[in-house]
Amino acid sequence: MVFLAWKFNEPLAFVKIQDMWSRNERVFPLITLINYWKNINFMFPKDANNAVGFLNTFFSSFFLGILLFSIVKKPLNISLLIFAFLSIFLPLSTGTTQSMMRYMMTIFPIFIILGYWSQKNRYFYGFLLFFFTYFLSILFLWYGNWGWIT
């Protein structure tokens with residue numbers, strides 16, 4: 001914020017620039033997830049954008065659930081949990097789940113939690129291996145068929 005104030009004379013430029021990316025709404029993050037779950041059409045072959053919206057909403061909910069469950073199990077210290085919650089809540093507070101899968105890849109405390117749980121339970125490790133391989137395959141096929149150009 002100091003740099004933005006010095007360079008652009010606007011310390012909150014990172015908030016104001018979000019309007020250009022259709023992220024001009026400020027809502028409670030869980031409201032965003034609820035609204036997107038209500039509006040998803042589960043007929044995926046019908047619309048590729050709807051499928052991507054589903055994946056963004058699903059992974060946002062999935063990772064948020066992991067964080068909430070990890071509060072009970074406590075494999076991480078509080079600073080990493082706060083970082084992870086803020087990393088999910090800040091993009092969701094803009095009223096859209098657009099690009100949330102991309103944001104989720106940088107929230108390393110979630111992957112530490114998953115690694116910790118995988119070490120404790122080999123069935124959970126098998127589930128994660130299948131789960132992430134399945135979604136990697138779907139996204140790879142979508143990308144290979146030029147699905148990223150809409």
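**Exercise 1. Contacts of F59**

Task: In this predicted model, which residues is F59 in contact with, leaving aside its neighbours within four places in sequence?

Solution. Step 1: set aside the neighbours of F59 within four places in sequence. Step 2: list what remains, namely M101, M104, F131, F132 and F135. Step 3: place F59 in a wider setting. F59 is one of the residues that touch the most other members of the largest nonpolar core, along with F63, I66, L67, I88, I110 and I113. That core has 26 residues. Step 4: ask where the core residues come from. Helices α4, α5, α6 (100-104), α7 (108-120) and α8 (122-144) each supply at least two of them. The largest share, seven residues, comes from α4.

**Exercise 2. Helix α4 against helix α8**

Task: At roughly what angle do the axes of α4 and α8 cross, and which residues make the contact?

Solution. Step 1: take the geometry. The two axes cross at roughly 155° and come within 13 Å of each other. Step 2: name the orientation. Angles over 145 degrees count as roughly antiparallel, so α4 is roughly antiparallel to α8. Step 3: give the hand of the crossing of α4 and α8, which is left-handed. Step 4: list the residues. From α4 come A48, V52, L55, F58, F59, F62 and F63, and from α8 come F131, F132, F135, L139 and W142. Step 5: sort them by class. The contact of α4 with α8 has 12 nonpolar residues, no polar ones and no charged ones.

**Exercise 3. Helix α4 against helix α5**

Task: How are α4 and α5 oriented to each other, and how do the residues of their contact divide by class?

Solution. Step 1: locate the helices. Helix α4 covers residues 48-73 and helix α5 covers residues 78-92. Step 2: take the geometry. Their axes cross at roughly 150° and come within 11 Å. Step 3: apply the cut-off. An angle over 145 degrees counts as roughly antiparallel, and α4 and α5 are therefore roughly antiparallel to each other. Step 4: give the hand, which for the crossing of α4 and α5 is left-handed. Step 5: list the residues that meet. On the α4 side they are S60, F63, L64, L67, L68, S70 and I71; on the α5 side they are L81, A84, F85, I88, F89 and L92. Step 6: sort the contact of α4 with α5 by class, which gives 11 nonpolar, two polar and no charged residues.

**Exercise 4. Helix α7 against helix α8**

Task: Are α7 and α8 oblique or roughly antiparallel to each other?

Solution. Step 1: take the angle, about 130°, and the separation of the axes, 5 Å. Step 2: compare the angle with the cut-offs. Roughly perpendicular runs from 65 to 115 degrees and roughly antiparallel starts over 145. The angle of about 130° falls in neither range, so α7 and α8 are oblique to each other. Step 3: give the hand. Helix α7 passes α8 in a left-handed crossing. Step 4: list the residues. L114, W117, S118 and K120 in α7 meet R122, F124, Y125, L128 and F132 in α8. Step 5: sort them. The contact of α7 with α8 has six nonpolar residues, one polar residue and two charged residues.

**Exercise 5. Two residues with positive phi**

Task: Where do N9 and S99 lie, and how exposed is N9 and how exposed is S99?

Solution. Step 1: take N9. This residue lies in the loop between α1 (2-8) and α2 (13-16). N9 is not a glycine, yet has a positive phi of about 60°. Its relative accessible area is 65%, so N9 is exposed. Step 2: take S99. This residue is found in the loop between α5 and α6. S99 is not a glycine either, and its positive phi is about 70°. At 23% relative accessibility, S99 counts as partly exposed.

**Exercise 6. I31 and G95**

Task: How many residues apart in sequence are I31 and G95, and how far apart in space?

Solution. Step 1: locate I31, which is in helix α3 (residues 29-39). Step 2: state its exposure. With a relative accessible area of 40%, I31 is partly exposed. Step 3: compare the separations. I31 and G95 are 64 residues apart in sequence, and their C-alpha atoms are 7.9 Å apart.

**Exercise 7. The whole chain**

Task: How many helices and how many strands does the protein chain have?

Solution. Step 1: count the elements, which gives eight helices and zero strands. Step 2: describe the extent. The C-alpha trace spans about 55 × 45 × 30 Å along its principal axes. Step 3: take the burial. Of the 150 residues, 31% count as buried. Step 4: take the contacts. Among those between residues at least 6 apart in sequence, 63% join residues at least 24 apart.

Methods. Residues numbered from 1 in each chain as written. Predicted model: local features only at pLDDT ≥ 70, side-chain atom pairs only at ≥ 80, totals over all residues. Heavy atoms only, no water. Axes fitted to C-alpha atoms, helices over the stretch in contact; angles between N-to-C directions. Helix = DSSP H or I, 4+ residues; strand = E, 2+ residues; numbered from the N terminus. Parallel < 35°, antiparallel > 145°, perpendicular 65-115°, else oblique. Left-handed = near helix turned anticlockwise from the far one by under 90°. Contact = heavy atoms within 4.5 Å. Nonpolar A, V, L, I, M, F, W, Y, C, P; charged D, E, K, R; others polar. Core = buried A, V, L, I, M, F, W, Y, C linked by side-chain atoms within 4.5 Å. Buried < 20%, exposed > 50% of the residue type's maximum accessible area, 1.4 Å probe, protein only.
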